[in-house]
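Here are a few notes to go with your first look at this model. Please keep the viewer open as you read, and take the points in any order you like.

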Amino acid sequence: MVFAYDSEMALQAAVELVNTAEEPDTLCSVADLEEFLERWGYTGRHDRTERELDEIRALRSRLRRLLSAERDEAVRQVNVILSEVTLRPELVRHDEYDWHLHAVGPDDPLPRRILVETVMAMIDVVRADETSRLSVCADRSCEGIVLDLSRNRSRRYCSTACGNRNAVAAYRARKAQ
Ligand SMILES: [Zn+2]
Ligand SMILES: [Zn+2]
């Protein structure tokens, strides 16, 4: 494990959320959001409104800037966000998750909670000097964010689809030689 379990979960969820903005956009309805939240075990307030959906859709570009920033720039963005929010840190244990930190209360709006969770995880990334774990997909036509938590840092593509497409292209290129 590179980071604490909750940080890794928050990073993975944030990367997936950001990558839903890649064409074709896969976060278009309250039902899409519902599915995302279920997959990542989100608890707490969830309004299920178009407004909440719009705010989360809009949040994606901000998260993208944060996740793809160089270390010093990530620090700058983290500090801006920390100055905007009121934190209410609390260690909690719920569902199948052992003790972990909730930095904001369960009644805070979902977009803010996702933003703060991502910031808390990025604090870990910065402190460990591991911003190189985050990159942009090596596929030339894809802007997806890649989170590499592998031991040998071998991950270059945001999805198996991108990985397979490039493996096929590389195979064809070799064959054509
Ligand atoms: Zn939790
Ligand atoms: Zn990709």
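1. Of the 177 residues in the protein, 41% are buried. Please bear in mind that this is a predicted model. The exposed surface of the protein comes to about 10500 Å², with carbon and sulfur atoms supplying 49% of it.

2. On overall shape, a compact globule of 177 residues would have a radius of gyration near 16 Å, and the protein agrees with that because its own value is 17 Å. If you lay a box along the principal axes, the C-alpha atoms fill roughly 60 × 35 × 30 Å.

3. For the fold, you can count six helices and four strands. Walking along the sequence, you will meet them in the pattern α-α-α-α-β-β-α-β-β-α. Among contacts in the protein with a separation of 6 or more, 54% are between residues 24 or more positions apart.

4. Which residues hold the zinc ion (ligand 2)? Its coordination comes from the SG atoms of C137, C142, C158 and C162, at 2.3 to 2.4 Å. The angles among the four donor atoms run from 100 to 116°, and the site is tetrahedral. In sequence, the donor residues follow the spacing C-x4-C-x15-C-x3-C. Two of these residues, C137 and C142, are both buried.

5. Now turn to the zinc ion (ligand 1). Its protein donors are the NE2 atoms of H94, H100 and H102, which lie 2.0 to 2.1 Å from the ion. Here the spacing of the donor residues in sequence is H-x5-H-x1-H.

6. Are H94 and H100 buried or exposed? H94 has 18% relative accessibility, so it counts as buried; the cut-off for buried is under 20%. H100 is buried too, because its relative accessible area is 12%.

7. One more residue is worth a visit in the viewer: T118, which sits in helix α5, residues 110-127. With a relative accessibility of 1%, T118 counts as buried. What does its side chain reach at 2.7 Å? The partner is the backbone oxygen of I114.

8. T118 also has contacts farther along the chain. Leaving out residues up to four places away in sequence, T118 touches A14, L63, L66 and L67. You could display these residues together with helix α5, where T118 has its place.

How values were computed. Residues are numbered from 1 along each chain as its sequence is written. Chains are lettered from A and ligands numbered from 1 in the order in which they are written. This is a predicted model: local features need pLDDT of at least 70, side-chain atom pairs count only at pLDDT 80 or more; totals for chains, interfaces and linings use all residues. Side-chain values use heavy atoms; hydrogens and water are left out. Donors are N, O and S atoms within 2.8 Å of the metal (3.2 Å for Na, K and Ca); water is not among the atoms, so sites may look incomplete. Four donors count as tetrahedral if all angles lie between 85 and 135 degrees; four count as square planar and six as octahedral if opposite donors are over 155 degrees apart and all others between 65 and 115; anything else is irregular. Buried means under 20% relative accessible area, exposed over 50%, partly exposed in between (1.4 Å probe, protein chains only). Helices (H or I, at least four residues) and strands (E, at least two) are DSSP runs, numbered from the N terminus. The radius of gyration is taken over C-alpha atoms; the globule rule is 2.2 Å times the number of residues to the power 0.38. Contact means heavy atoms within 4.5 Å. Accessible areas come from the Shrake-Rupley method with a 1.4 Å probe; for residues, only the protein chains shown count as cover. A polar contact is a pair of N or O atoms within 3.5 Å; within protein, one must be able to donate a hydrogen and the other to accept it, and residues adjacent in sequence count only if both atoms are side-chain atoms.
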